[in-house]
Amino acid sequence: MSRSFTARFDRALQTPALARHELEGWLPEALAESVRDELRLLVSELVTNSIRHVSDSAHPVELAVRIGARAIRVEVRDGGPGFVPGR
């Protein structure tokens with residue numbers, strides 16, 4: 001069984017810290033501290049990139065996390081135009 005969480009944030013300097021704090025409340029207590037550290041860093045980097053590179057969007061930054069039995073999926077949406085990844 002998986003659990004899903006979402007939060008929306010205004011574009012501001014404190015947004016990465018707020019997103020990390022929100023993430024902490026969603027993570028299972030049994031999760032290893034090393035995995036928690038990696039997830040906090042991931043969320044911080046993704047949200048910081050949204051704030052830094054999508055300055056003209058009126059959309060909030062959205063953090064979505066799905067926690068399953070064997071995986072944790074993290075998504076950040078920001079209203080930017082997106083891009084086509086290179087090979």
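Me: When do two strands count as a pair, and what makes strand 2 and strand 3 one?
Reply: Two strands pair if DSSP finds at least two bridges between them. Strand 2 and strand 3 (residues 72-77) have 6 bridges and run antiparallel, so they meet that rule. One of the bridges has I67 opposite I72 in strand 3. A hairpin of 4 residues links strand 2 to strand 3. By the way, this is a predicted model, where local features need pLDDT of at least 70, side-chain atom pairs count only at pLDDT 80 or more, and totals for chains, interfaces and linings use all residues. Residues are numbered from 1 along each chain as its sequence is written, and side-chain values use heavy atoms, leaving out hydrogens and water.

Me: How do you know that strand 1 pairs with strand 2?
Reply: Here 7 bridges join strand 1 (residues 3-9) to strand 2, in the antiparallel sense, so the pairing rule is met again. Among the partners, A7 stands opposite L63 in strand 2.

Me: Why are these called strands?
Reply: Because a strand is a DSSP run of E with at least two residues, while a helix is a run of H or I with at least four, each numbered from the N terminus. Strand 2 covers residues 61-67, 7 residues, so it qualifies.

Me: What makes strand 2 mostly covered?
Reply: Buried means under 20% relative accessible area, exposed over 50%, and partly exposed in between, using a 1.4 Å probe on protein chains only. In strand 2, 6 of the 7 residues are buried.
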